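Dear colleague,

Please find the structure we discussed handed over below. I would be grateful if you could keep it open while you read the notes that come after it.

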Amino acid sequence: MMADEMKKRFYETTTVLIASKGKNNQLFTNDQYLSLILKVKESKNMITKKTPEDYQRLARYDVVKIGASEKLIIPVKNEGDPIIYYAYLDETFQIIHDCHISIGYGGRVRMMNELKLIYKNVTAELVTVYLNLCESCQKKKSLPKKGLVVKPIISNELNSRCQVDLIDMQSQGDSSVEVYQDHLTKFVQLRSLKTKRAEEVAYHLLKIFTTFGAPSILQSDNGGEFANKVVKEVCAM
Ligand SMILES: [Zn+2]
């Protein structure tokens, strides 16, 4: 998903989320944010006739000038305390996105640890909405656990690893087929079998070995016991 599409879907979801919160909502649209800044400044300027509402507002919000713009922040209690901002909705996607990338596609807990140092209202809920839209994180999630991953066997020489398997054709009234394949070249040799006995399989293998050379490793999907028997027979021959 492109970042633009991701952003669009992020705001589709968060808009619904915010509507469901009603008055408890701590996320502001751009307009709400700007009007709150005005109100906070008004409350600050009421020197003598502060109402309870003014005090309430000033307990939660303050305004600082950063460059040319005014930002809504948590009132700073002690000088030197870090400034914690309120974000407005339109900027939250970019904030969350930048944070996610800057900590190497970190998960929700690590992201919240970073975000709460700077923002009061970039909530875990918003981060979760974002992470559910992040394709690479969703892909990571759906990968099987380590240990279940099948490692491809890499052979770099002819005859370094070969495989012998039997295909049972007897249900179709035919004899079995011995399949012999080199891992590197995928070169396949087929032999028809009258029986599935190790002796007969070994007999055909020996003919192949004397023509093409014997493999360093012989493996079989028919199981270790079958492979062992075959190898024993080949050696005896
Ligand atoms: Zn991600």
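The notes below go through the metal site, a helix beside it in the discussion, the pockets and some individual residues.

Please bear in mind throughout that this is a predicted model.

**The zinc site**

Which protein atoms hold the zinc ion? The donors are NE2 of H100, SG of C134 and SG of C137, and they lie 2.0 to 2.2 Å from the ion. Along the chain, these donors follow the spacing H-x33-C-x2-C. H100 belongs to helix α4, whereas C134 sits in the loop between α6 and α7, so this pair ties together parts that are 34 residues apart in sequence.

Both H100 and C134 are buried. For H100 the relative accessibility is 0%, and H100 therefore counts as buried. Apart from neighbours within four places in sequence, H100 is in contact with Y105, G106, M111, Y130, L131, C134 and C137. Two of these contacts, C134 and C137, are also donors of the zinc ion.

**Helix α5**

M111, one of the contacts of H100, is also one of the buried residues of helix α5, which spans residues 108–115. The others are M112 and L115. Seen down the axis of α5, the buried residues fall within an arc of 100 degrees, so they line one face of the helix. The general background is that an α-helix has 3.6 residues a turn, so residues three or four places apart point the same way. As for what lies against them, the buried residues of α5 pack against α4 (89–102) and α6.

**The loop before α5**

Y105, another contact of H100, is found in the loop between α4 and α5. Y105 has a relative accessible area of 37% and is therefore partly exposed. Its phi is near 60 degrees, a positive value in a residue other than glycine. By way of background, most residues other than glycine have a negative phi.

A further residue with a positive phi is N159, where the angle is near 70 degrees; N159, too, is a residue other than glycine. N159 lies in the loop between α7 and β3 (161–167). Is N159 buried or exposed? At 14% relative accessibility, N159 counts as buried, because the limit for that class is under 20%.

**The pockets**

The largest pocket has a volume of about 540 Å³. Its lining is made up of 16 residues, and those nearest its centre are K23, F28, L36, R60 and Y61. Helices α2 (30–45) and α3 (52–60) are the elements that give two or more residues to this lining. By class, the lining of the largest pocket comprises four nonpolar, seven polar and five charged residues.

The second largest pocket holds about 180 Å³ of space. Its lining consists of Y105, G106, G107, R108, T128, L131, N132, C137, Q138, K140 and K141. Among these, C137 is a donor of the zinc ion, and Y105, G106 and L131 are in contact with H100. At least two lining residues come from each of α6 (124–133) and α7 (135–142). Helix α7 gives the most, with four residues. The lining of the second largest pocket divides into three nonpolar, five polar and three charged residues.

**Helices α8 and α9**

V201 is found in helix α8, which covers residues 198–212. With a relative accessibility of 0%, V201 counts as buried. Leaving aside neighbours within four places in sequence, V201 is in contact with V164, L166, E178, L193, K196, F226 and V230. How far is V201 from F226? Their C-alpha atoms are 10.0 Å apart in space, and the two are 25 residues apart in sequence.

E225 has its place in helix α9, residues 224–236. At 62% relative accessibility, E225 counts as exposed. The C-alpha atom of E225 is separated by 52 Å from that of H100, and the two residues are 125 residues apart along the chain.

With kind regards

Terms used. Residues numbered from 1 in each chain as written. Predicted model: local features only at pLDDT ≥ 70, side-chain atom pairs only at ≥ 80, totals over all residues. Heavy atoms only, no water. 1 Å grid on protein atoms, 1.4 Å probe; cavity = no way out; pocket = protein on both sides within 12 Å on 5 of 7 lines; lining within 4 Å. Points joined across faces, edges and corners; volume = space filled by probe spheres on them. Nonpolar A, V, L, I, M, F, W, Y, C, P; charged D, E, K, R; others polar. Buried < 20%, exposed > 50% of the residue type's maximum accessible area, 1.4 Å probe, protein only. Arc of directions from axis to C-beta. Contact = heavy atoms within 4.5 Å. Donors = N, O, S within 2.8 Å, 3.2 Å for Na, K, Ca; no water.
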